[in-house]
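Here are my notes on the model you passed along. They cover the cysteines and one annotated domain.

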Amino acid sequence: MESLTTLFEQYGSQIPVAFWMNIKLTVLAAIGSFVLGVVLALFRISPVASLRAVGTAYVHLVRNTPLTIIMLIGVLAVWGQLKITFADDFTLNFFIFAVISLSLYHAAFMCEAIRSGVNTVPQGQAEAARAIGLGFLPAARLVILPQALRGAITPIGNTLIALTKNTTVAAAASVAEASVLMKTMIEFRPDVMVAIFMTFAVGFCLIVIPIGLLTTWASDRLAVAR
Amino acid sequence: MARKKFLSLTAVAAAAALSLSACSPSATESSEESSSADGSKKGGSGESLTIGIKFDQPGLGFREGSNDPTGFDVEVARFVAKEMGVDEADITWVQTPSANRENALENGEVDMIFATYSITDERKERVAFAGPYFVAGQDLLVRADEEEITGPDSLDGKNLCSVTGSTSAQKIKDEYSQGVNLVEQGGYAECVTYLESGQVDAVTTDDIILAGLAGTEANKGKFKVVGDPFSVERYGVGLNKDNDTCQQINDAIQKMKDEGAWEEALKSNTEGTGYEADDELNSGADAEFESCD
Amino acid sequence: MSARSVLFDAPGPKARRNVLIVNVVALIGVAIVAWIVLGMLNERGQLEPSRWISAVNGNAWSNYYLPGLQFTLQSAAIAVVTSVLFGLVFGFLRLAPYAPIRAVSGVVVEFFRAVPVLLMMVFFYQVFAMLGRAGVIPSADGPYFAVIVGLTLYNGAVIAELVRSGVKSLPKGQREAAAAIGMTPNQSLRLVEVPQALVAMLPSLLSQFVVILKDSALGYLIGFYELLQYARQLGSGQGNILQTLVVAAVVFIVINVLLTWLATLLSTKLSSKTAGRTKPRAGSSAVKV
């Protein structure tokens, strides 16, 4: 026990910092992927064939690519070769790269989540929207999407949970988050690795399980009564 | 019906998985071992060695495809093996990444390791060392036309690349240039691509590793090693604690140095990089052999 | 378009012309961006044929990509089998008639679903490193086993949940019919409900295989010699790591796309063999997609 105390004295203060990094990645990438996801979903139900094709191709391509590869290509090619730099400070720069990679990856899943929500909207709603003279965008904005989003809360919540866990992959983009710290701590003190692992695992449970509960609560509460 | 089908499917899959697990990463390596063991019988000497090296460190330990490995570590290992009466054909080369080296020695999976393996007190608690056969020092690799960077204390405001989990970059930040911008990558090859494109200004690790990277076909003439080593890394031959070969290896290394083969191997593996092994390090007290007790 | 959406009219001649103009403009825009990107890559010598040829020649395939792919597929295949076993066991336990068993297995399943796979891999990497030190397993296999165990625990938990929800989503009539012919609840579960849930699950299982295959790439971060790691190694020596990783990425994507396609095909084929749902309900919705 004594050895544990010294370990946590040394690293204890870094654990919240590392988790804070995961939370920041989660929140920013959640916003990014949601916005892009809505746009892609609109693409996929739009009247324009080429937009539908772009949306479909994006979703199929990205869903079948490992996130590790997206992170690596982002850093190796986009930063390393195309020299696209977001900040002079490396820490901030790679953080932004990680947020963008996470957003691009999860946008495909957000799009599919929203699309499954669109499937829950009865055809009559669209017919009614058309009947009062709404065009595609107004109908989507005022009638379809508000109902679709409420119907899509569960799959969106699942995507958020996956996103939270996937923030650990930001380690591939040189971002110092929880998994990197856990690795350092275990290498430093392999004798107490189970305790270290449980600390981090429970940390993730504390973030992920409330998201799940919130999703269930919200989907029950916001469900469109039919 | 469906259930039976599914169960039989699962059974087939399980059987397939079991047969697949027979060819785990280590099994692939030991199959090479057995083939070379056959070779040793034909050779008639009866002696064979399994030597751990790096496969991905150009100039030191590198294996392209199924070719014979190349590099300075490998050449020293070959010389030592020959002195121990083992033909080249009877050597089995095994990849030992940094994290695996102590384990592989303790388990007896390899007889000796030549893999940029610095002698440290911490490691000596678990394994034994012969040598050192080379004394390296931490240094910087920069673009060939670089003028400003002359050593670890000239890196303020510069971008520096190193490998995840290595302490070398942190050391520069802590002891020499606080204002350095650090990026950590999975390997030095990534760092070199950034150095080439200009996204980082320097790469840091042991000088001879840097020279090896700079000396590859693709990188020739593009980079130079600064040549101002600021640490001492004594590369030893990793051995199991119960070895009886330590003295033999030391004698072989001494002979290699005396005969000039050592110098030659070093030269041929760092050709065209302007790199010269630090004389001070390699003839001074740091180059004294470990005692074999 | 056969499945026409009611959300919009079929575009008329004017709309079609506008769309065409926008498409052409967009295509030109994309082409310009692509040209600039290629130009930048070319400037840095990344498009030099030699760099690409050595990334796709016979040596690269036979000594790097194929051995790497073997370990990627092998670890994924083993993880599929072990996670199905894990999932079946815990799926059954979660449906067990005893509340304590349900509760404990529920906690186990939820725990492994909540912990990031990478975290588990990093942890088990160290566990197997210890076992390697003790001589239980060859030390070189540590990352390989760590990947398999990490994938198994996470995906097994997901499959356990699939089994449970699959059984729950079967029409009530199935259980009632089983009871009517005198089956005990246990028999009904074993002989009627779970088998149907499993058939209904097969497409999900196949798409879970894609997830497993994708997640096996995380092994790259703990030093498992799989496809990406082999590609890295090839590129390290030849100074074309970018090119080799691109090739590895393409291989990954092609395999995953094929598997996804197979999963879709299977779900259509199997829907007649079960009362459970093999794919999301299409129903009559606002937009057919």
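The points below take the disulfide, then the cysteine environments, then the record for chain C.

1. Please keep in mind that this is a predicted model. The values quoted here are therefore computed from predicted coordinates.

2. How many disulfides are there over all chains? The count comes to one. The bond joins C161(B) and C191(B), with 2.1 Å between the two sulfur atoms, and this pair meets the criterion because the cut-off is 2.5 Å.

3. The link of C161(B) and C191(B) is left-handed, with -70° about the S-S bond. C161(B) sits in strand β8 (residues 159-163) of chain B, while C191(B) belongs to helix α7 (residues 188-197) of chain B, so the disulfide ties together parts that are 30 residues apart in sequence.

4. Are the bonded cysteines buried or exposed? C161(B) has a relative accessible area of 0% and is buried. C191(B) is likewise buried, at 0% relative accessibility.

5. Two cysteines of chain A can be listed here as well. C111(A) is buried, its relative accessible area being 0%. For C205(A) the relative accessible area is 11%; this residue still counts as buried because the limit is under 20%.

6. For chain C, UniProt places the feature "domain: ABC transmembrane type-1" at residues 69-263, in an unreviewed entry. Which secondary structure does the model show over residues 69-263 of chain C? The stretch is 83% helix and 0% strand. Its end C-alpha atoms lie 21 Å apart.

Conventions:
Residues are numbered from 1 along each chain as its sequence is written. Chains are lettered from A and ligands numbered from 1 in the order in which they are written. This is a predicted model: local features need pLDDT of at least 70, side-chain atom pairs count only at pLDDT 80 or more; totals for chains, interfaces and linings use all residues. Side-chain values use heavy atoms; hydrogens and water are left out. Helices (H or I, at least four residues) and strands (E, at least two) are DSSP runs, numbered from the N terminus. Buried means under 20% relative accessible area, exposed over 50%, partly exposed in between (1.4 Å probe, protein chains only). UniProt positions are given in the numbering used here, feature names are shortened, and annotations may be inferred rather than shown by experiment.
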